[in-house]
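Colleague: I have a model on screen and a few questions about it. Keep the answers short, please.

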Amino acid sequence: MATKQLMVPATWGIRSSFHSLIALLVAFLVIASIYVTQNSGVLVEDRTSKSKSSGDYLSRCNLFSGKWVFDNKSYPLYKEKECTFMSDQLACEKFGRKDLNYQNWRWQPHQCDLPRFNATLLLERLRNKRLMFVGDSLNRGQWVSMVCLVDSVIPPGLQSMHQHRNGSLHIFKAIEYNATIEFYWAPLLVESNSDDPVYHRVDDRTVRVQGIEKHARHWTDADILVFNTYLWWRRAQMTVLWGSFERPDGIYKRVDMPRVYEMALKTWSDWLEVHVNRTKTQMFFVSMSPTHQKALEWGGDGGQNCYNETEPIFKEGYRGEASCPEIMRVVEKTLDDLRTRGLNVQMINITQLSEYRKEGHPSIYRKQWEPLKEEQVSKPSGYADCIHWCLPGVPDVWNELLYASIINL
């Protein structure tokens, strides 16, 4: 009996082969898709992590813990004589200081490098924006430093300087960038009887701890705000006014430190919470600037101060008596409280690094309203300025720290 053979039409074989090819192609595409997806996920993760790592640079490295390194190759960052808007109060070389090593110290954090100041990059970040320093004469010194740092890359005629409100407000403008770097005089942040930019030395300092609108209306539209206030609070008590300076029915009361300081910062922080545009404004608070008025504190002679000092203090962790940890804690607590309210004010902690720089002050090499008289120059123990800082010098590093924070935001 003949065996029947199942005859498969030729078209079936072709169709089967075609289906096999389709199946193989689909399988290949699925495998390739999975591979690409997985690898693209890795690539995306890598880009994200790199972006995150650059953004987290400041959180991973404590820029405020380090040491001073003598560097006369890359410092100073500008020349005193070449800064168009240098202040006579800070121009130590101009007024006779011969030892200029104070200009050549570089701050070196322990665990990383401080980004080198790039004036052009900063001006690009500030294009069509306002950077504003608010506070006392130490903050004004930092503002002068910042102006000198950027002035060096701006062609002549493309910058301007104007004063407003009887000298309370100074506005430097980089015309090509439509950017301003401003300083507003408010030594206690809240309203006080020391608000006049010229006539502010009064025996009985009085503050309206609940009054800030007079000053704050000038800050409202700034894009970057840099605050400080400490020097003018250095006393055991202060008179607090509830009421107005213009009316005779105000209530005056003596309040101990640091309670009055807490009250003022509460008013300041409440104003920020209500008025600051959180999507636009970046904010910083510069910690207390130390003074070097007693040489005994660093092993010098009794009755001497910063005059004739030529080197920093090299003992790590040194802190003078004039720097008050209690005041620092008030600031830290205020900024922590603001964060719980969704507002970030970043601390620029200049205190410890500035403590080491006992030789960085103007001493007798300065002009306040007039140059010191010969009799005053001969008595540095009474007339040396050991509070403010020579430029170029320590405030340039404060601005390098500020710059590092701005470009990493």
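Modeller: One definition to begin: buried means under 20% relative accessible area, exposed over 50%, and partly exposed in between, with a 1.4 Å probe and protein chains only. The model is predicted, with local features needing pLDDT of at least 70, side-chain atom pairs counting only at pLDDT 80 or more, and totals for chains, interfaces and linings using all residues. Residues are numbered from 1 along each chain as its sequence is written, and side-chain values use heavy atoms, without hydrogens and water.

Colleague: Is Gln 346 buried or exposed?

Modeller: Gln 346 sits in strand 13 (residues 345–348). Strands (E, at least two residues) and helices (H or I, at least four) are DSSP runs, numbered from the N terminus. The relative accessible area of Gln 346 is 19%, so the residue counts as buried.

Colleague: Which side chain does the side chain of Gln 346 join in a polar contact?

Modeller: A polar contact is a pair of N or O atoms within 3.5 Å; within protein, one must be able to donate a hydrogen and the other to accept it, and residues adjacent in sequence count only if both atoms are side-chain atoms. At 2.9 Å, the partner of Gln 346 is Ser 405.

Colleague: Which helix gives the largest share of the largest nonpolar core?

Modeller: A nonpolar core is a set of buried Ala, Val, Leu, Ile, Met, Phe, Trp, Tyr and Cys residues joined through side-chain atoms within 4.5 Å. The largest one has 107 residues, and Leu 272 is among the members that touch the most others. Nine of the core's residues come from the top contributor, helix 11 (residues 394–407).

Colleague: How many disulfides are there?

Modeller: A disulfide is a pair of cysteine sulfur atoms within 2.5 Å. Numbering the bonded cysteines in sequence order, the pairing is 1-4, 2-5, 3-8, 6-7. The count is four.

Colleague: How many residues apart in sequence are the parts that Cys 306 and Cys 386 tie together?

Modeller: The sulfur atoms of Cys 306 and Cys 386 are 2.1 Å apart. Cys 306 lies in the loop between strand 12 (282–286) and helix 7 (325–340), and Cys 386 in the loop between helix 10 (380–383) and helix 11, so the separation is 80 residues.

Colleague: What is the torsion about the S-S bond of Cys 83 and Cys 148?

Modeller: This disulfide has an S to S distance of 2.0 Å. Both Cys 83 and Cys 148 are buried. The link is left-handed because the torsion is about -80°.
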